[in-house]
Amino acid sequence: MHGLVRQPRVWLVLAAISALMGMVGPFETFELPLGPRLTYWTVVVISTGALGTLVTLVLMPLLPPRVPALAAAGLGGLISGAPIGLLVWFINNLAFGPQDEGMSLGALVAYCIPIAALVTTMGHLLGNAVATAAKAQPTIAPAPALLDRLPLPQRGRLLHLAVNDHYVDVATDKGTTLVLLRLSDAIRETAPVAGLQVHRSHWVALDAVRRTTRLAGKSVLELENGTIVPISRGYLAQAKAAGLVT
């Protein structure tokens with residue numbers, strides 16, 4: 001319940017339902033002025049929603065595991081219908097006073113039971129649909145902080161870093177830029193790109209490596225942009241662990 005209360009989406013849904021019911025004015029409430037009508041339905045929607053949710057959350061773990069989640073949600077609504085009806089009857093008596101011509105408690109409960117079952121069932125279906133849609137959305141990794149140092153035309157996928165005097169050549173798939181930075185600091189700003197330092201003067205993005213070959217008897221990496229990067233002996237073990245060298 002605390003988790004639900006902290007979700008802005010829950011309050012937006014409750015506000016939308018309250019506004020809709022207040023504007024439509026079902027169950028002869030349209031005779032009320034707009035302000036009291038909206039207030040009445042806001043109280044009814046929030047209090048009955050909280051009670052129905054609480055009953056359903058308590059009931060669900062008590063059901064056998066073989067009961068389908070959709071059936072459990074509907075059953076929770078059916079069981080919560082009676083206390084919800086009693087709550088609405090209590091609110092009506094506070095708002096309008098005892099009325100002989102009003103809906104009886106039994107009739108109110110009879111209305112609330114199927115409505116509560118329908119609401120909990122639809123809520124379960126919509127919740128599953130939202131969760132499925134959220135899982136289907138591709139996860140976009142944050143851009144490396146190092147790209148913020150580059151001119152906009154050169155901000156692309158990181159390929160290679162190389163020491164150039166007191167500077168670092170930052171190569172992306174959109175070009176190369178010279179940045180006044182130490183290589184160690186530049187490497188720290190490559191996250192979350194998967195990469196590896198293979199030489200005291202070179203870092204490569206793993207997905208930028210086209211192949212590993214040998215040049216003058218030494219292992220080198222050929223990158224997708226054609227750059228040849230040496231692998232020094234001190235970094236050979238890390239290169240092997242990353243699968244760059246066999």
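Guide: Let's start with a yardstick: a residue counts as buried under 20% relative accessible area, exposed over 50%, and partly exposed in between. One thing to keep in mind: what you see above is a predicted model.

Visitor: Okay, so why is Arg157 called partly exposed?

Guide: Arg157 has a relative accessible area of 32%. Partly exposed is the range between 20% and 50%, so 32% puts Arg157 in that class.

Visitor: And what makes Arg157 and Glu224 a salt bridge?

Guide: The rule asks for a side-chain nitrogen of Lys or Arg within 4 Å of a carboxyl oxygen of Asp or Glu. Here the N to O distance is 2.5 Å, so the pair passes.

Visitor: Why do you say that this pair ties parts of the chain together?

Guide: Arg157 sits in the loop between H5 and S1, while Glu224 sits in the loop between strand S7 (218-223) and strand S8 (228-230), so the bridge joins parts that are 67 residues apart in sequence. As for Glu224, its relative accessible area is 31%, so that residue is partly exposed too.

Visitor: How do you know that Arg149 and Glu189 form a salt bridge?

Guide: Same kind of check: their closest N and O atoms are 2.8 Å apart, and the limit is 4 Å, so yes, they qualify. This pair links distant parts of the chain as well, 40 residues apart. Arg149 is in the loop between helix H5 (105-136) and strand S1 (158-164), and Glu189 is in the loop between helix H6 (183-188) and strand S4 (195-199).

Visitor: Which class does Glu189 fall into, buried or exposed?

Guide: Glu189 has 19% relative accessibility. Buried means under 20%, so Glu189 makes it into the buried class. Its partner Arg149, at 42%, is partly exposed.

Visitor: What about Arg182 and Asp185: what makes them a salt bridge?

Guide: Their closest N and O atoms are 3.0 Å apart, so they come in under the 4 Å limit. Asp185 is buried at 19%, whereas Arg182 is exposed at 56%, a value over the 50% cut-off. Elsewhere, Arg157, Asp207 and Glu224 are joined into one network by salt bridges that share partners.

Visitor: How many salt bridges does the rule give?

Guide: The count comes to seven.

Visitor: Let's go to the surface. What makes the nonpolar patch?

Guide: Met1, Leu4, Leu54, Leu57, Val58 and Leu62 make a patch of about 550 Å². Helix H3 (residues 34-59) gives the most to this patch, with three residues.

Visitor: How do you know that Met1 is open enough to be in a patch?

Guide: A patch residue needs over 30% relative accessible area. Met1 has 38%, so it clears that bar. You'll find Met1 in the segment before helix H1 (2-5).

Visitor: Which residues line the second largest pocket?

Guide: The lining holds His199, Arg214, Lys218, Ser219, Val220, Pro230, Ile231, Ser232, Arg233 and Leu236. S7 gives the most, with three residues, and the pocket's volume is about 200 Å³.

Visitor: What makes up that lining in terms of nonpolar, polar and charged residues?

Guide: Four are nonpolar, three polar and three charged. Lys and Arg count as charged, so Arg214, Lys218 and Arg233 go into that group.

Visitor: Last one: why is Ala69 called partly exposed?

Guide: Ala69 has a relative accessible area of 41%, which lies between 20% and 50%, so the label fits. Ala69 is in helix H4 (residues 69-96).

Technical notes. Residues numbered from 1 in each chain as written. Predicted model: local features only at pLDDT ≥ 70, side-chain atom pairs only at ≥ 80, totals over all residues. Heavy atoms only, no water. Helix = DSSP H or I, 4+ residues; strand = E, 2+ residues; numbered from the N terminus. Buried < 20%, exposed > 50% of the residue type's maximum accessible area, 1.4 Å probe, protein only. Patch = residues over 30% accessible without salt bridge, like charges linked within 9 Å, V, L, I, M, F, W, Y side chains within 5 Å. Areas by Shrake-Rupley, 256 points an atom, 1.4 Å probe, with all protein chains shown as cover. 1 Å grid on protein atoms, 1.4 Å probe; cavity = no way out; pocket = protein on both sides within 12 Å on 5 of 7 lines; lining within 4 Å. Points joined across faces, edges and corners; volume = space filled by probe spheres on them.
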